[in-house]
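The paragraphs that follow lead through a few linked features of this structure, and they are best read with the sequence and the 3D view side by side.

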Amino acid sequence: RISGWIDWNQDGDWNDPGEQILNNEVVSNGITQEQVFIPSTAADGFTFARFVLSYDSQPVGTITFDGFTHGEVEDYRVEVVSNQPQFDYGDLPNNYPVARGDQLNNKVVLGMLIDTEPFPRASNNALGDDVDGVDDEDGITLTPLLPGQTSTATVTVMDVDNVCGNGFNCVVSGWIDFNQDGDWNDPGEQILNNEVVSNGITQEQVFIPSTAADGFTFARFVLSYDSQPVGTITFDGFTHGEVEDYRVEVVSNQPQFDYGDLPNNYPVARGDQLNNKVVLGMLIDTEPFPRASNNALGDDVDGVDDEDGITLTPLLPGQTSTATVTVMDVDNVCGNGFNCVV
């Protein structure tokens with residue numbers, strides 16, 4: 001049998017009327033569907049749910065959210081969404097202005113995806129609007145942002161109804177906070193200005209100021225379309241279209257190495273530059289400096305998870321674990337002039 005609870009009023013418990021949504025429902029192998037009523041008083045926003053599957057050779061008694069015999073417990077973070085209109089909002093930290101795009105019936109979007117929210121979801125990593133499982137930041141890619149050099153912005157537009165240039169004006173604007181002061185008001189921070197786009201891919205050259213600060217900062221790109229000439233697009237106001245916010249990195253021309261990324265109390269290790277002959281697993285990523293992190297994922301901010309060379313069976317005290325080591329030796333140098341050890 002399965003029971004379930006959702007904390008509708010977000011008060012940190014499941015003791016309130018209506019918060020038990022499943023009560024000892026009989027299940028078996030496969031898929032079962034149950035109807036769940038959402039109270040009209042349920043608070044908007046994120047809350048928590050628990051589901052308990054319990055089984056026993058004796059009749060299963062009342063399952064509680066903190067006690068059962070045999071089975072499994074699964075906890076979830078879920079969202080209650082009101083019937084208010086859904087828009088595509090930006091999701092940068094709160095110090096940046098909010099931008100709002102069209103509702104679901106978009107004619108033209110950046111990339112292939114668009115997600116909508118009932119309200120802005122500010123976040124420190126520009127991923128706040130992805131909590132629904134849709135990562136819609138798929139319309140812009142940038143080559144490395146090197147101070148004093150030019151980056152290529154690849155803009156992908158999906159124009160399903162072929163309206164761009166046929167009754168609609170479609171343009172893209174973009175901004176990067178190069179001095180990391182929390183706005184895009186400084187000279188040179190608007191990198192794209194009403195650039196005409198159409199269905200497919202457009203490439204634009206973006207100059208990175210020599211004064212751009214090293215490290216992570218934030219970018220916003222806005223696609224706007226209208227049957228009238230599109231006026232000046234600002235980073236917080238446009239008519240129809242989509243907004244995509246990104247956390248990007250400005251990297252100086254210093255050498256790139258593969259650093260470890262453990263918490264700061266561990267010593268730093270530094271690997272080869274890009275021309276590696278032998279690597280653990282299939283991937284390697286490089287950084288201009290160490291990126292310590294509490295979860296050992298600090299060097300994955302570029303989208304490359306290179307920790308693919310070692311797997312361990314469960315680490316059980318007093319027992320033996322098996323370490324599986326995968327090595328890629330493209331040039332067949334191990335044992336042929338090179339000693340390769342782990």
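A convenient place to begin in this predicted model is L280, a residue found in strand 13. Because its relative accessibility is 38%, and partly exposed covers the range between 20% and 50%, L280 counts as partly exposed. L280 also helps to make a nonpolar surface patch of about 680 Å², together with I310, L312, L315, V325, V327 and V342.

Strand 13, which spans residues 278–280, leads from this patch to another feature, since the strand gives the second largest pocket three residues, the largest share of its lining. The space in this second largest pocket comes to about 690 Å³. Its lining is made up of 29 residues, and those that lie nearest the centre of the pocket are D258, Y259, G260, D306 and E307. When the lining of the second largest pocket is sorted by class, 16 residues are nonpolar and eight are charged, while five are polar.

On the N-terminal side of strand 13, the loop between strand 12 (240–250) and strand 13 holds S252. Is S252 buried or exposed in this loop? With a relative accessibility of 16%, S252 falls under the 20% cut-off and therefore counts as buried. S252 can also be placed relative to G215: the two residues are 37 positions apart in sequence, and their C-alpha atoms are 8.7 Å apart in space.

Taken together, strand 13 is the element that links these descriptions, as it contains L280 of the nonpolar patch, contributes to the lining of the second largest pocket, and bounds the loop in which S252 lies.

Key: Residues are numbered from 1 along each chain as its sequence is written. This is a predicted model: local features need pLDDT of at least 70, side-chain atom pairs count only at pLDDT 80 or more; totals for chains, interfaces and linings use all residues. Side-chain values use heavy atoms; hydrogens and water are left out. On a 1 Å grid over the protein atoms alone, a cavity is a set of points where a 1.4 Å probe fits but cannot get out, and a pocket is an open set with protein on both sides within 12 Å along at least five of seven lines; lining residues have an atom within 4 Å of a point. Grid points are joined across faces, edges and corners, and a volume is the space filled by probe spheres set on the points. Helices (H or I, at least four residues) and strands (E, at least two) are DSSP runs, numbered from the N terminus. Ala, Val, Leu, Ile, Met, Phe, Trp, Tyr, Cys and Pro count as nonpolar, Asp, Glu, Lys and Arg as charged, and the others, Gly among them, as polar. Patches are made of residues with over 30% relative accessible area and no salt bridge: like charges are joined within 9 Å, nonpolar side chains (Val, Leu, Ile, Met, Phe, Trp, Tyr) within 5 Å. Accessible areas come from the Shrake-Rupley method with a 1.4 Å probe; for residues, only the protein chains shown count as cover. A salt bridge is a side-chain nitrogen of Lys or Arg within 4 Å of a carboxyl oxygen of Asp or Glu. Buried means under 20% relative accessible area, exposed over 50%, partly exposed in between (1.4 Å probe, protein chains only).
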